[in-house]
Amino acid sequence: YGDFDVGGSSSGSADVTVLLYQNDFQVEAPERGLQFRAEIRNYSTSVTNLYEEGSVGDFHLELIEKR
């Protein structure tokens, strides 16, 4: 899982939105010996409109290995 902030600019939020809709992630954590394809298990955000200038959304993302 991970928590991260996304700023409210059209390009930054659009980039994140595209990745979330694709729902296909490559997880790599070499220090833990992990490498696998993953999909979203749980996702939430604190805002509904990141296109408002100056807005920042707190995102929570949980991934699970694809079977």
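A search of the whole structure turns up two salt bridges, and keep in mind as we go that this is a predicted model. Side chains of opposite charge can pair when their charged atoms come close.

Let's take the pairs one by one. In one of them, the side chain of Asp 24 meets that of Arg 37, at 2.8 Å from N to O. This pair links distant parts of the chain: Asp 24 sits in the loop between α1 and β2, while Arg 37 belongs to strand β3, 13 residues apart.

The other pair brings Asp 24 together with Lys 66, at 3.1 Å from N to O. Here Asp 24 is in the loop between α1 and β2 and Lys 66 is in the segment after β4, so the pair ties together parts that are 42 residues apart in sequence. Salt bridges that share partners therefore join Asp 24, Arg 37 and Lys 66 into one network.

Are these residues buried or exposed? Asp 24 is partly exposed, at 36% relative accessibility. Arg 37 is partly exposed too, with a relative accessible area of 37%, and Lys 66 is partly exposed at 32%.

Now let's walk on from Asp 24 into strand β2, which covers residues 25–29. In a regular strand the side chains alternate between the two faces of the sheet. In β2, the covered face holds Phe 25, Val 27 and Ala 29, and the uncovered face holds Gln 26 and Glu 28.

Which strand does β2 pair with? Its partner is β3, residues 34–45, and the two run antiparallel over five bridges. Within β3, Ala 38 is the bridge partner of Phe 25. The two strands form a hairpin with four residues between them. Have a look at Gly 33 in that turn: its phi is positive, about 70°.

Last stop, the inside. How many residues make up the largest nonpolar core? There are nine: Val 6, Val 16, Leu 20, Phe 25, Val 27, Phe 36, Ala 38, Phe 59 and Leu 61. At least two residues of this core come from each of α1 (10–22), β2, β3 and β4 (56–65). You'll recognise some names here: Phe 25 and Val 27 are on the covered face of β2, and Ala 38 is the residue that bridges to Phe 25.

Thanks for listening, and do turn the model around yourselves!

Definitions and conventions
Residues numbered from 1 in each chain as written. Predicted model: local features only at pLDDT ≥ 70, side-chain atom pairs only at ≥ 80, totals over all residues. Heavy atoms only, no water. Buried < 20%, exposed > 50% of the residue type's maximum accessible area, 1.4 Å probe, protein only. Pairing = 2+ DSSP bridges. Core = buried A, V, L, I, M, F, W, Y, C linked by side-chain atoms within 4.5 Å. Salt bridge = Lys/Arg side-chain N within 4 Å of Asp/Glu carboxyl O.
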